[in-house]
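These are my notebook entries on a few places I looked up, one after another, with the coordinates open beside me.

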Amino acid sequence: MGTFFGIEIGRRGIMVQQRALETTGHNIANAGTKGYSRQEVVLATTPPYSFPGMGAGQQGTGVKAQEVRRIREEFLDFQYRNEVKTLGRWQVRQNILEKLEAIFNEPSDEGMGAVLGRFFDAWQNVARYPESEGARSALRQEGITLAEAFRHMADQISDLKADINSSIGVKVNEINSVARQVRDLNAQIVKAEAGNMAANDLRDRRDLLLDQLSEVVPIQVEEDRFGAVSIVVRDHTLLSGHKVNALSVDVASGKVTWPDGAEYQIGSRPYGTLEGLLEAVHVDEANPGLIQSYEERLDTLAATIIEQVNDLHKQGVGLTGSTNVLFFKEGNTAGSFQINEDLFKDLNLIAAAVKPEDYDTNPSCPPLGDGSNALLIAQLRHETLVNGTTTFNDYYNGLVAELGVQGQEAERNVDNQTILTSEIDNRRLAVSGVSLDEEAVNMIRFQQAYNASARLITVVDEMLEVLINRTGLVGR
């Protein structure tokens, strides 16, 4: 070991402490950067020098920066991604249910329940005053209002489905974009770490992208020995090596497919915002989509009202003796609900009276004051006609009640999942987040160590100055 080795030890100390100070500064600068994981310099002693001879031992040679380590807990990342995918699904479901509640608008004086009640009240009024043009006009208007309410609700549901299909397209593009960004980061990380350099900042960016992707779809992430990750979504590989298996979507139908032509399957338990959207419009005979189920039930109610009112109305007689007249146009969906156009031309066609027994042999006008057929139609509201088990109002109220229960369930799950996800994220921040107080302490510690190493060099320099310039001058 040479005389000048003390200077080398001081130099190594200065270089290492400078590296540690720079890392501390990097942490402080990124204290507010989303997804950033704090870093620390791992110090290690350099190989010691062994003195020749017995019992001389070893002499330390200083310090080195072994690595700049990223403080990150992979298990917490796994937990966060596992919970955020559930949160994404419930957030989408809550949003869709809130829109459905706005469409049905219950309880309200302008909701379908109130409109349906006024329609049968109008028939009751015609039963009292069958010759009254005012009562007949009011009935026709209530019929128009009922038909418009069904059509408007059907149009709103159709628009909601179109919006969801458009959102599915946005989410598919987001998935493909994130997968391509992760692929590019994989290449950069592999290249950097092939030279035995930790790509900490690149890994932070990749982990942030994986967090974002896990909110959209359920993912499984595996990292190979070179530092590149592959991503599996359900039963297909989204990213492997340099290949991205990009999803495609038919915006008109909302159908999402893989490159091999297989349809994206959401499974028995949906996860992520994409699957939450697909769940809402997914049509399956055994398990129709969320919106599809309400649309079908609204169509069932509309078709039953049209059929039952028309059946009785055709059997009745109008003021001029007309019979076999439809009150509503024939149809079996809410979107096709319309009043018979003939009633716009002649209110006398409204069949308020029961057809006389001798009508076929002696067709004539009904007796004055006969509103018995209108009464029969008014009484339809009390009969169990929908699916043979429930009344119109009870069926509709049951539909609205179920919507409310599902909305409350979604709201409760969103609240619970938000708390759980936030708690896990806070635990991640406790491990990976930057504490400015801690970094300030480290900065002072590294500064003092830097100053001490510099002082060591000064001391060695002074010793060498004595050795070189003063040794041998004593006594001259």
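**Entry 1, a surface patch.** I began with the nonpolar surface and found a patch of about 330 Å² that is made by Phe-4, Leu-467 and Ile-468. I note here that this is a predicted model, and I read all that follows with that in mind. Phe-4 lies in the segment before α1, the helix that spans 5-29. I then asked whether Phe-4 is buried or exposed. Its relative accessibility is 53%, and because exposed means over 50%, I entered Phe-4 as exposed.

**Entry 2, helix α6.** Next I looked up how many of the residues of helix α6 (residues 272-281) are buried. The count is 10 of the 10, so I described the helix as largely enclosed by the rest of the structure. The buried residues include Gly-272, Thr-273 and Leu-274 at the start of my list, and Glu-275 and Glu-279 are also among them. I wanted to know which elements the buried residues of α6 pack against. I wrote down the helices α2 (74-104), α4 (133-193), α5 (200-216) and α7 (290-315), together with β10 (255-257).

**Entry 3, Gln-58.** I turned to Gln-58, which has its place in strand β3, residues 58-59. Its relative accessibility of 56% is the reason I list Gln-58 as exposed, because the cut-off for that word is over 50%. When I set aside the neighbours within four places in sequence, I found Gln-58 in contact with Pro-48, Tyr-49 and Ser-50. I also looked up the separation of the C-alpha atoms of Gln-58 and Pro-47, which are 11 residues apart along the chain, and noted 9.7 Å.

**Entry 4, strands β6, β7 and β8.** My last search followed the pairing of three strands. Strand β6 (residues 229-233) pairs with strand β7 (residues 236-240) in the antiparallel sense, over three bridges, and Val-233 has His-236 in β7 as its bridge partner. The hairpin of β6 and β7 has two residues between the strands, and there I noted that Arg-234 takes a positive phi near 55°.

From β7 I went on to strand β8 (residues 243-244), with which β7 pairs in the antiparallel sense over two bridges. Here the bridge partner of Leu-239 is Val-244 in β8. I asked which residue in the turn of the β7 and β8 hairpin has a positive phi. I found Gly-241, with a value of about 65°, in a hairpin that has two residues between β7 and β8.

Conventions. Residues are numbered from 1 along each chain as its sequence is written. This is a predicted model: local features need pLDDT of at least 70, side-chain atom pairs count only at pLDDT 80 or more; totals for chains, interfaces and linings use all residues. Side-chain values use heavy atoms; hydrogens and water are left out. Patches are made of residues with over 30% relative accessible area and no salt bridge: like charges are joined within 9 Å, nonpolar side chains (Val, Leu, Ile, Met, Phe, Trp, Tyr) within 5 Å. Accessible areas come from the Shrake-Rupley method with a 1.4 Å probe; for residues, only the protein chains shown count as cover. A salt bridge is a side-chain nitrogen of Lys or Arg within 4 Å of a carboxyl oxygen of Asp or Glu. Buried means under 20% relative accessible area, exposed over 50%, partly exposed in between (1.4 Å probe, protein chains only). Contact means heavy atoms within 4.5 Å. Two strands pair if DSSP finds at least two bridges between them.
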